[in-house]
Amino acid sequence: MSAFIAALPMYDWPECRAETDAQWAAMAGRLRAAGVDAPAQLVRRNADMPAVPGGIRDAAGALIAPDPATLPPDGLDFATLWRHPRLLVAQTCWGPMEVTGLAAHVGVVGQPDYSAFEGGAGPFYSSAILMRRGQADPVAAPAEGGAVLPLERLRGGRLAFNETASMSGLIALSRDLAAAGEGFDIFGDRIETGGHRASIEAVAAGRADICAVDCRSWRLGKRFEPAAADLVPVGWTARRPGLPYISAAALAPLHARIAGALAAGGPDQPLSRASSG
């Protein structure tokens, strides 16, 4: 059994878990070929994480996350997962890296390629700004990757967003609005849903009017979520670096080998990496 853990939770919808497992099998094979002891299975529950008696602590001994064994076994606490000292590889988001201080506890070892998705280009992605069909004409993602903001359509609407630390669901939109001289007061209300899929459902059901969903999650929505058929992109956030693959800071001696193994793969592990700035 490997001493390490890994997780690919950001696009792991129930309908495509076999695809996620196949992606990890390919990644794990390259890691093992590089001499890295990659685990066979992905973490999908708190119970899958090894216990850390006394809680997870940083190099100075400060408590930064609880012992996974104290958490509800069938949930998955991302903040604890991302700070686990045995984390070999996981997906995260630049929002938590910037907003919650996660960057101090991990190293970035790669980024996925978004070229297969409308709004993506290499390691960069955009979020589709979605409204109900018939409220506005659909807008294609601009080739140059700039923001397309239908300001008058957004004004007074209810924004559904997945969580406050999400780059794709909230922070990117906030920054693009600021660049256009606007703020979140353009919206009549904001509703936190807990996930991109839930945001799609909230807009389709009329509980909200607008949401921003990263281009890969929007593709998943169109594949698997019936409510997505009622929505269209009416704008796009500016293109930004897509989510990073991270590894625990405690595993820094392995980071170069991990990065090399990921970069040697196919479209989910490109050779180039974008800056988070």
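**Exercise 1. The surroundings of S247**

Which residues does S247 touch, not counting residues up to four places away in sequence? Place S247 in the predicted model, and decide whether S247 is buried or exposed.

*Solution.* Begin with the secondary structure: S247 sits in strand β13, which covers residues 245-248. Next, list the partners, leaving out residues up to four places away in sequence: S247 touches L87, L88, V106, G107, V109, H255 and I258. Finally, turn to accessibility, where buried means under 20% relative accessible area; S247 has a relative accessibility of 0% and therefore counts as buried.

**Exercise 2. The cover of helix α8**

Which residues of helix α8 are buried, and what does their cover include?

*Solution.* Helix α8 runs over residues 255-263, and its buried residues are H255, I258, A261, L262 and A263. The cover of these buried residues includes helix α1, strand β4 (87-91), strand β5 (106-110) and strand β13. This can be joined to the first exercise, since H255 and I258 are among the residues that S247 touches, and S247 belongs to β13. As background to reading such a helix, an α-helix has 3.6 residues a turn, so residues three or four places apart point the same way.

**Exercise 3. A residue of helix α1**

Where does Q23 lie, and is Q23 buried or exposed?

*Solution.* Q23 lies in helix α1, which spans residues 17-33. With a relative accessibility of 12%, Q23 falls in the buried class because buried means under 20%. For a distance to check in the structure, take L8, which is 15 residues from Q23 along the chain; the C-alpha atoms of the two are separated by 9.0 Å.

**Exercise 4. The whole chain**

How many helices and strands does the protein have, and what do its overall dimensions say about compactness?

*Solution.* First, the protein has eight helices and 13 strands. Its radius of gyration is 19 Å, close to the 19 Å that the globule rule gives for 277 residues, so the protein is as compact as a globular protein of that length. Along the principal axes, the C-alpha trace spans about 55 × 35 × 35 Å. Of the 277 residues, 53% count as buried, and, among contacts between residues at least 6 apart in sequence, 74% join residues at least 24 apart.

**Exercise 5. Confidence**

Over which residues does pLDDT stay under 50?

*Solution.* The mean pLDDT is 94, and 95% of the residues reach 70 or more. Over residues 267-277, however, pLDDT stays under 50, although the model has 33 contacts beyond four places in sequence for this stretch. Where pLDDT is low, the predicted coordinates should not be read in detail.

Methods
Residues numbered from 1 in each chain as written. Predicted model: local features only at pLDDT ≥ 70, side-chain atom pairs only at ≥ 80, totals over all residues. Heavy atoms only, no water. Helix = DSSP H or I, 4+ residues; strand = E, 2+ residues; numbered from the N terminus. Buried < 20%, exposed > 50% of the residue type's maximum accessible area, 1.4 Å probe, protein only. Contact = heavy atoms within 4.5 Å. Rg over C-alpha atoms; globule rule 2.2 N^0.38 Å. pLDDT = per-residue confidence, 0-100.
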